[in-house]
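Me: I have a model open on my screen and I'd like to learn how to read it. Can we go through it feature by feature?

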Amino acid sequence: FPFESPGKKFQLVSGTEQAVSYVCSGVGVDAKGNGTGRLYRVSGYGFVYPEPTACAAIGSSPVVAQNLSACQFTYDPGVRERTGLVSIRLTLAKSVLQTSESVNLYYDVNVNNVP
């Protein structure tokens, strides 16, 4: 393990458990002001070590959102003894009656770093 656990604990994950990734693809804006990107939920590829340096293949993964003009996932690990924070920022843009409209979505998720 790369780091010692502050609580001297570790977790075992069943071999049948599957990892899940959320992947943004094709993010941008077309000439009419419509978002061109999609957010996919990719699963069924298991846990691997070392962690991949690139996103899992989209393949036939379900689309969670479309018309994305911006997409950002950031992780702030904090410290090993406390929670980390995943911040999710999405912007959806759609042209309605010759006017481009957009909505910004933001959500924070606390990640418990202590097993």
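**A buried asparagine**

Reply: Sure, and keep in mind that this is a predicted model. Let's start with Asn34, which is buried, with a relative accessible area of 12%.

Me: What makes Asn34 count as buried here?

Reply: The idea is a cut-off: buried means under 20% relative accessible area. Asn34 has 12%, so it counts as buried.

Me: Where along the chain is Asn34, and which backbone nitrogen does its side chain reach?

Reply: Asn34 lies in the loop between strand 1 and strand 2, the latter being residues 37-43. Its side chain reaches the backbone nitrogen of Ser95, at 2.6 Å.

Me: How much of the protein is buried?

Reply: Of the 115 residues, 17% are buried.

Me: Let's zoom out. How many helices and strands does the protein have?

Reply: Zero helices and five strands. Reading from the N terminus, the elements go β-β-β-β-β.

Me: How do I read the way the strands are arranged, and what is their order in the sheet?

Reply: For a sheet, look at who sits beside whom and in which sense they pair. Here the five strands make an open sheet in the order 1-2-3-4-5, with antiparallel pairing. Strand 1 and strand 5 (99-111) are at the edges; each has a single partner strand, so one side of each has no neighbour in the sheet. On average, neighbouring strands of this sheet are turned by 30° against each other, if you ignore direction.

Me: Over how many bridges do strand 4 and strand 5 pair?

Reply: Strand 4 covers residues 84-96, and it pairs with strand 5 in the antiparallel sense over 13 bridges. To find one of the matched positions, go to Leu85: its bridge partner in strand 5 is Asn110.

Me: And the surface? Which residues form a nonpolar patch there?

Reply: For a patch, you look for nonpolar side chains that are accessible and lie within 5 Å. In this model Val20, Tyr22, Val64 and Phe73 form one, with about 350 Å² of accessible area together. The elements giving two or more residues to that patch are strand 1 (20-25) and strand 3 (63-76). Val64, for instance, has its place in strand 3.

Me: One last thing, about backbone angles. What is the phi of Asn67, and is the value positive or negative?

Reply: Here you check the sign and the residue type side by side. Phi of Asn67 is near 65°, a positive value in a residue other than glycine. You'll find Asn67 in strand 3.

Note on methods: Residues are numbered from 1 along each chain as its sequence is written. This is a predicted model: local features need pLDDT of at least 70, side-chain atom pairs count only at pLDDT 80 or more; totals for chains, interfaces and linings use all residues. Side-chain values use heavy atoms; hydrogens and water are left out. Patches are made of residues with over 30% relative accessible area and no salt bridge: like charges are joined within 9 Å, nonpolar side chains (Val, Leu, Ile, Met, Phe, Trp, Tyr) within 5 Å. Accessible areas come from the Shrake-Rupley method with a 1.4 Å probe; for residues, only the protein chains shown count as cover. A salt bridge is a side-chain nitrogen of Lys or Arg within 4 Å of a carboxyl oxygen of Asp or Glu. Helices (H or I, at least four residues) and strands (E, at least two) are DSSP runs, numbered from the N terminus. Two strands pair if DSSP finds at least two bridges between them. Axes are lines fitted to C-alpha atoms, for helices over the stretch in contact, and angles run from 0 to 180 degrees between N-to-C directions. Buried means under 20% relative accessible area, exposed over 50%, partly exposed in between (1.4 Å probe, protein chains only). A polar contact is a pair of N or O atoms within 3.5 Å; within protein, one must be able to donate a hydrogen and the other to accept it, and residues adjacent in sequence count only if both atoms are side-chain atoms.
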